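Q: I am new to this structure. Please take a close look at one strand and its surroundings.

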Amino acid sequence: MEPGSMEPGSMEPGSVEPGSVEPASMEPGSMEPGCVEPSRGVEPSRGVEPASVDSLKVLYQSCDYIIVDKHWDIRIDSKMWYEKHTVQKQLGLRFPELADPGTYYGFRFCHQLDYSTSGVLCVALNKAAAGRVYHCFKDRRATKVYLALVRGWVEEEEVTIDFSIGENTTEGRTHMMCIQGTDGCENPKPCRSLLTVLEYGDYDGDPVTKVVLQPLTGRTHQLRVHCEALGHPIVGDHTYSLGEDSAPYRMMLHAHLLHLPLEPLPLQAAAPDPFTTPTDPRWRPQRCLRTVEGVVETLLEHRAAEERTEREERRRQREERRRQQEERRKRWRGREESEEQRRMCQQWLSEWTDV
């Protein structure tokens with residue numbers, strides 16, 4: 001995962017006062033603006049079919065980047081000959097002329113998404129473009145927003161999750177990550193995620209919460225591990241439920257938005273919300289606290305303010321460096337003048353002595 005931030009904002013129109021409605025008291029028929037009245041007794045739509053090599057959805061394209069909406073059951077790339085469906089092969093089929101033979105996979109994937117995670121994926125079409133995005137992630141200036149359905153009703157509407165995450169060395173679980181303090185957890189690193197509740201409802205009859213997740217660090221499986229540690233695992237996460245949560249057709253984690261503060265213009269793309277009743281009628285919202293659009297707007301406004309502050313600080317630092325350099329030049333010029341004056345004085349003394 002490439003190296004890779006905002007406190008949730010004020011309440012959006014149509015939201016309820018924090019603490020005024022307990023999740024247990026919500027009535028299924030009480031809907032807020034922005035929520036969809038659930039259909040009853042219908043099967044999931046046909047929009048949940050498995051991926052195919054020709055089902056690539058392009059969200060954005062330029063001479064430097066392609067941003068796609070990754071399907072939920074496809075790998076980004078693979079060295080295994082038997083992996084027939086990957087984003088790498090989808091891109092090669094759709095854009096064979098853009099593949100770079102100088103790279104192993106033909107395309108430069110700027111960041112990672114798990115096999116079971118859908119949503120925004122940025123691909124650079126040249127080395128320079130890849131470098132610009134890499135520095136955004138490395139300096140933690142990239143903004144990533146995920147949507148998820150998690151088990152149970154999350155009581156706090158805004159949660160900061162800061163469990164350190166390490167590698168799981170327990171036999172049979174080495175493909176997993178774990179929080180610090182877990183048996184077999186090695187090399188834990190500080191991690192931080194933000195969770196904001198959007199809606200309370202149920203999925204296939206079980207209580208779930210629709211949330212916005214924002215990773216402020218970039219650890220492998222970070223959001224999945226943090227939600228599990230919080231006691232609200234992501235619906236359909238077969239791995240971290242140890243195979244118990246296998247009934248849903250997919251893991252309900254979706255990379256909704258990516259914002260990169262590139263120069264001269266930022267790069268931003270959003271993948272449509274898949275967790276809606278028309279897409280999957282098993283998801284039945286009961287109470288809407290805020291909309292996805294409202295949370296994202298607040299988040300981006302907060303991030304824009306941070307970027308302005310960061311730019312101002314960089315400008316101030318540049319001016320301070322220029323001032324210090326000018327002072328050093330002045331001191332050096334003064335030293336040169338003093339040496340010249342000393343030389344002339346010595347020459348005068350020498351001439352006077354010879355008289």
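A: What follows looks at strand E11 and its partners, then at two other places. The model is a predicted one.

Strand E11 covers residues 206–215. It is mostly covered: 8 of its 10 residues are buried. Buried here means under 20% relative accessible area.

E11 pairs with strand E10, residues 193–203. The two run antiparallel, and 10 bridges join them. One bridge sets Ser193 against Pro215 in E11. E10 and E11 also form a hairpin, with 2 residues between them. Asp204 sits in that turn and has a positive phi of about 55°.

E11 has a pairing with strand E5 as well, residues 143–151. This pairing is antiparallel too, over 6 bridges. Here Val150 stands opposite Thr209 in E11.

In a regular strand the side chains alternate between the two faces of the sheet.

Now to another set of strands. Strand E7, residues 165–168, pairs with strand E8, residues 177–179. The sense is antiparallel, over 3 bridges. Ile165 faces Ile179 in E8 across this pairing. E7 also pairs with strand E9, residues 185–189, again antiparallel and over 3 bridges. There, Glu167 stands opposite Glu186 in E9.

Last comes a helix. Helix H4 spans residues 292–354 and includes Arg311. Arg311 belongs to a patch of positive charge on the surface. The patch gathers Arg308, Arg311, Arg314, Arg318, Arg321 and Arg322. Arg311 has a relative accessible area of 39%, so this residue counts as partly exposed.

Technical notes:
Residues are numbered from 1 along each chain as its sequence is written. This is a predicted model: local features need pLDDT of at least 70, side-chain atom pairs count only at pLDDT 80 or more; totals for chains, interfaces and linings use all residues. Side-chain values use heavy atoms; hydrogens and water are left out. Two strands pair if DSSP finds at least two bridges between them. Helices (H or I, at least four residues) and strands (E, at least two) are DSSP runs, numbered from the N terminus. Patches are made of residues with over 30% relative accessible area and no salt bridge: like charges are joined within 9 Å, nonpolar side chains (Val, Leu, Ile, Met, Phe, Trp, Tyr) within 5 Å. Accessible areas come from the Shrake-Rupley method with a 1.4 Å probe; for residues, only the protein chains shown count as cover. A salt bridge is a side-chain nitrogen of Lys or Arg within 4 Å of a carboxyl oxygen of Asp or Glu. Lys and Arg count as positive and Asp and Glu as negative; His and the chain ends are not counted. The place of a charge is taken as NZ of Lys, CZ of Arg, CG of Asp or CD of Glu. Buried means under 20% relative accessible area, exposed over 50%, partly exposed in between (1.4 Å probe, protein chains only).
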